[in-house]
Amino acid sequence: MSWDAGSPLARHCERFGAFGAGGWVMAETPHEEVERKYTVGAGTAVPDLTGVDGVAKVGVAVEADLAATYFDTAELSLVQRGFTLRRREGGADEGWHLKEPSGPDARSETRLPLGRAVHTVPKRLRSAVGHLTGGRPLVPVARICTHRTEVALVGDDGTEIAVIADDDVHATRLLAPPLALHWREWEVELAGAPSDLLERIEAELLGAGARPGVVSSKLARALAEESPGHGPSPGGVALSRRSTVQDLLTAYLAEHLVVLKEHDAGLRGETVHRLRIAARRLRSALTTYRPMFVPGAVDALREELRWLGGALSEARDSEVLRGHLDALVTDEPPATAHTRLRERIDNDLDQAHRAARAAAVEAVSSERYRRLVRSLDAVTEAPPLRPRASKRARKALPRLLERDARRLRRAAKAARRTHGPTTREEALHEVRKKAKRLRYAAESATPVLGKRGKRLAQRAKKVQDALGAHQDTVASRAWLEELAARADRDPAVAFGAGRLHAREEQRAEAAERAYEKAWGQLPRKHVDRWVTDTST
């Protein structure tokens, strides 16, 4: 999109072209930034996030105009290593900012006040990046002006836990050849909250129509150093109600293949989780859209994605189990929460996690994984589809969704007929997997089906979440039973494990009640008609 010179934002950017000078000096301020970005269309509204677990209320929206000049060498030595250096006016954190990668979804940031320098980078920051620039001069490479609407998310204790920024961005590349771009994005930044809050917020944003940002920064996008991947879609086609099945599927596969590639190197914390989710979404899409492919064309690929998901699962599951059991022990009365119980939990699960993580790293480092990625690239670039995939997605998708919904109904019916705790747990796990597939399918269809697709995804997610909590208790109870058996005549450990087991039984019962409630909100039959019914 070309630059609108008459717009208020453009005038604001021009006004900041001759930056004012401040005369004060202060010490540099370090700041750890944990954030994610999402690309959204012009008309997409930020959803109400008060329903997210841990968010008590949403603050009042605050608007600001931000104007920043970015500095780098002419060869872009900083950008190529994930660093950004800017001088920004406007907003609460105006000043000089140097950002560098520090982990998954995280960047370390050093801030300095605006000071007197306008076109020259402060000496402290020049020295900080000297090992990257090799002494080459730092010059302005881009101007980015943003109209930001920001709201704070407040936790149960009244403190700010995250900030959501809705950014309307105008960018100009100052290097030759010049380039003007305009886009909109959402940015979520944590304010000291646990990293799993990002996952819960992300689920709501994706349900509202956002797509995970595949560009590392506004600067990289302004310089066209990275493909935005969305807006046009990753497949190069802007999605709409008139899109074909091929358009939709190609965009969806490309989107999650990008996520897979982004997170297959670090394998730390949330990286394992997001990598596994990307693999699951890719496999689910190949299953849901299987009738659109040439028979047998993607069967082997689906099995390889199953292998990858399995190779990653133990590393993530051990993280989740340890965190949950630690929380349970913390909640125990002091008289029963024996130190030796916590030590056994930490030691045993730490060993299990190290072994599982080593196996995950080995899998992602293997030639088998590289072949899988190459195959996914080929299928995304030239999907082996039947002629029916060239039809409008709006007509074909309801039938595909009904196909997944029918499998879910059959699994739920089978679960109701089971007897005995073990067989019921296995049956409910199958229901959860089918609910997850329906959710992913509905999310992939939302760009075409709109609100009805989004609503179906949200309702399927409630079923998935309830049964996910139930499955977590299955794993924790089995592990606690083994711990009690290995207690080696330590009554404190055996007694503590028994208490935690009893609490997990209660949590399982609560999860089943939540599942029954969530199940009642799903369309009972004819999902294909439900998602196209505009009368309600």
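Here are three short exercises on a predicted model of a protein chain.

**Exercise 1. Getting your bearings**

Work out what the secondary structure of the protein chain comes to, and what share of its residues is buried.

Solution. Start with the elements: the chain has 15 helices and 10 strands. Next, look at burial: of the 536 residues, 50% are buried. Then turn to the outside, where the accessible surface is about 24900 Å², with 51% of that belonging to carbon and sulfur atoms. Last, check the contacts: take those between residues at least 6 apart in sequence, and 72% of them join residues at least 24 apart.

**Exercise 2. Two helices that pack**

Find how helix α8 and helix α14 are oriented when they pack, and which residues meet.

Solution. First, locate them: α8 covers residues 299–331 and α14 covers residues 491–519. Their axes lie 11 Å apart, at an angle of about 110 degrees. Angles from 65 to 115 degrees count as roughly perpendicular, so α8 is roughly perpendicular to α14. As for handedness, this crossing is right-handed. Now zoom in on the side of α8, where His 324, Leu 328, Val 329 and Asp 331 take part. Their partners in α14 are Leu 500, Arg 503, Glu 504 and Arg 507. Sort this contact by class and you get 3 nonpolar, 1 polar and 4 charged residues.

**Exercise 3. One histidine**

Decide whether His 256 is buried or exposed.

Solution. Begin with its place: His 256 sits in helix α6, residues 245–262. Its relative accessibility is 4%. The cut-off for buried is under 20%, so His 256 counts as buried. To see what's around, skip the neighbours within four places in sequence: His 256 then contacts Ala 278, Arg 281 and Leu 282.

Note on methods
Residues are numbered from 1 along each chain as its sequence is written. This is a predicted model: local features need pLDDT of at least 70, side-chain atom pairs count only at pLDDT 80 or more; totals for chains, interfaces and linings use all residues. Side-chain values use heavy atoms; hydrogens and water are left out. Axes are lines fitted to C-alpha atoms, for helices over the stretch in contact, and angles run from 0 to 180 degrees between N-to-C directions. Helices (H or I, at least four residues) and strands (E, at least two) are DSSP runs, numbered from the N terminus. Angles under 35 degrees count as roughly parallel, over 145 as roughly antiparallel, 65 to 115 as roughly perpendicular and the rest as oblique. A crossing is left-handed if the near helix is turned anticlockwise from the far one by less than a right angle, and right-handed if clockwise. Contact means heavy atoms within 4.5 Å. Ala, Val, Leu, Ile, Met, Phe, Trp, Tyr, Cys and Pro count as nonpolar, Asp, Glu, Lys and Arg as charged, and the others, Gly among them, as polar. Buried means under 20% relative accessible area, exposed over 50%, partly exposed in between (1.4 Å probe, protein chains only). Accessible areas come from the Shrake-Rupley method with a 1.4 Å probe; for residues, only the protein chains shown count as cover.
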